[in-house]
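Trainee: I have a new structure open and would like to go through it. Can we start with how the helices sit against each other?

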Amino acid sequence: MAAGGEVKDIHSKESTKTLLKSEALYEYMLNTMVYPRENEHLRELRLITEQHTYGFMLSPPDEEQLLSLLLKVMGARNTIEVGVFTGGSVLATALAIPDDGRIVAIDVSREYFDLGRPVIEKAGVAHKVDFREGPALHILADLLADEGNEGAFDFAFVDADKENYGNYHEQLLRLVRVGGVLAYDNTLWGGSVALPDDAPLTEGDREMRAAVRAFNARVAGDARVEAVQLPVADGITLCRRVV
């Protein structure tokens with residue numbers, strides 16, 4: 001709660017997307033390990049997006065660095081992204097996978113993606129991106145209608161409407177191969193998941209908190225995956241499909 005009793009949104013243009021209690025520690029991490037190694041095109045897209053009203057929706061560079069390393073360790077080639085925004089994580093993925101890899105990038109609107117598309121083209125990786133506009137549940141269902149897509153993907157990253165995370169999970173478990181990884185963003189929602197029910201939150205944040213907590217409980221009890229929840233950025237849950 002802010003001074004004077006005003007309840008603030010957890011995420012806004014003025015907030016830093018980290019769960020670390022120390023801003024100085026976060027800046028140290030960024031300046032020591034992240035920014036010096038940040039790809040020039042990722043940096044360009046980050047700076048463009050930060051000027052946008054909804055710039056806080058962009059995956060922060062430390063998260064992109066983590067996902068990039070994970071993709072390389074896995075040897076991932078075919079990926080899915082649900083929720084694209086300006087394409088920061090799409091670009092990070094495109095730079096990490098082989099030249100003949102592909103990303104099925106899904107968003108309900110391509111308006112924001114078109115802001116980042118020129119940077120992705122400049123980076124020379126646009127040929128890896130298969131952007132599909134529309135509701136993700138429908139597009140994932142269309143992918144599943146082709147039996148050849150079942151188990152055809154190595155990795156999926158979800159940063160979209162939280163109330164549908166559980167539905168996306170069910171579809172993606174069929175699309176991602178056994179041994180593949182599903183990554184879900186914002187699964188700690190600014191730390192609000194651990195707050196008491198009467199904590200001062202905006203109505204929007206209260207709804208998000210409820211959706212995220214329900215999804216976390218679902219994954220925790222899902223025997224089809226090995227899961228780990230990391231306090232990176234706004235909370236990332238990684239699920240390795242085991243059956």
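Trainee: Are helix 3 and helix 4 roughly parallel or roughly perpendicular to each other?

Mentor: This is a predicted model, to begin with. Helix 3 covers residues 61–74 and helix 4 residues 88–96, and they pack at an angle of about 30°. Angles under 35 degrees count as roughly parallel, so helix 3 and helix 4 are roughly parallel to each other.

Trainee: How far apart are their axes?

Mentor: The axes of helix 3 and helix 4 are 9 Å apart. The crossing of the two is right-handed.

Trainee: Which residues meet there?

Mentor: From helix 3, Glu64, Ser68, Leu71 and Lys72; from helix 4, Gly88, Ser89, Ala92, Thr93 and Ala96. By class, this contact of helix 3 with helix 4 has four polar, three nonpolar and two charged residues.

Trainee: What about helix 1 and helix 3, at what angle do they pack?

Mentor: Helix 1, residues 23–34, packs with helix 3 at an angle of about 45°, and their axes are 10 Å apart. Helix 1 and helix 3 are therefore oblique to each other. Their crossing is left-handed.

Trainee: And which residues make that contact?

Mentor: Helix 1 brings Tyr26, Leu30, Met33 and Val34, while helix 3 brings Pro61, Asp62 and Gln65. Five residues in the contact of helix 1 with helix 3 are nonpolar, one is polar and one is charged.

Trainee: Change of topic. How many residues does helix 8 have?

Mentor: Helix 8 has 18 residues, 203–220. From its first C-alpha to its last it reaches 26 Å, close to the 26 Å expected at 1.5 Å a residue.

Trainee: Which residues of helix 8 are buried?

Mentor: Asp205, Arg209, Ala211, Val212, Phe215, Asn216 and Val219 are buried in helix 8.

Trainee: What do they pack against?

Mentor: The buried residues of helix 8 pack against helix 7 (165–175), along with strand 5 (176–185), strand 6 (225–230) and strand 7 (236–241).

Trainee: Now the loops. Where is Phe85?

Mentor: Phe85 is in the loop between strand 1 (78–82) and helix 4. Its phi is near 55°, which is positive, and Phe85 is a residue other than glycine.

Trainee: Is Phe85 buried or exposed?

Mentor: Phe85 has 8% relative accessibility, so it counts as buried.

Trainee: What is phi for Ala233?

Mentor: Ala233 has a positive phi of about 55°, although it is not a glycine. Ala233 is in the loop between strand 6 and strand 7. Ala233 has 2% relative accessibility and therefore counts as buried.

Note on methods: Residues are numbered from 1 along each chain as its sequence is written. This is a predicted model: local features need pLDDT of at least 70, side-chain atom pairs count only at pLDDT 80 or more; totals for chains, interfaces and linings use all residues. Side-chain values use heavy atoms; hydrogens and water are left out. Axes are lines fitted to C-alpha atoms, for helices over the stretch in contact, and angles run from 0 to 180 degrees between N-to-C directions. Angles under 35 degrees count as roughly parallel, over 145 as roughly antiparallel, 65 to 115 as roughly perpendicular and the rest as oblique. A crossing is left-handed if the near helix is turned anticlockwise from the far one by less than a right angle, and right-handed if clockwise. Contact means heavy atoms within 4.5 Å. Ala, Val, Leu, Ile, Met, Phe, Trp, Tyr, Cys and Pro count as nonpolar, Asp, Glu, Lys and Arg as charged, and the others, Gly among them, as polar. The expected span of a helix is 1.5 Å times one less than its number of residues. Buried means under 20% relative accessible area, exposed over 50%, partly exposed in between (1.4 Å probe, protein chains only).
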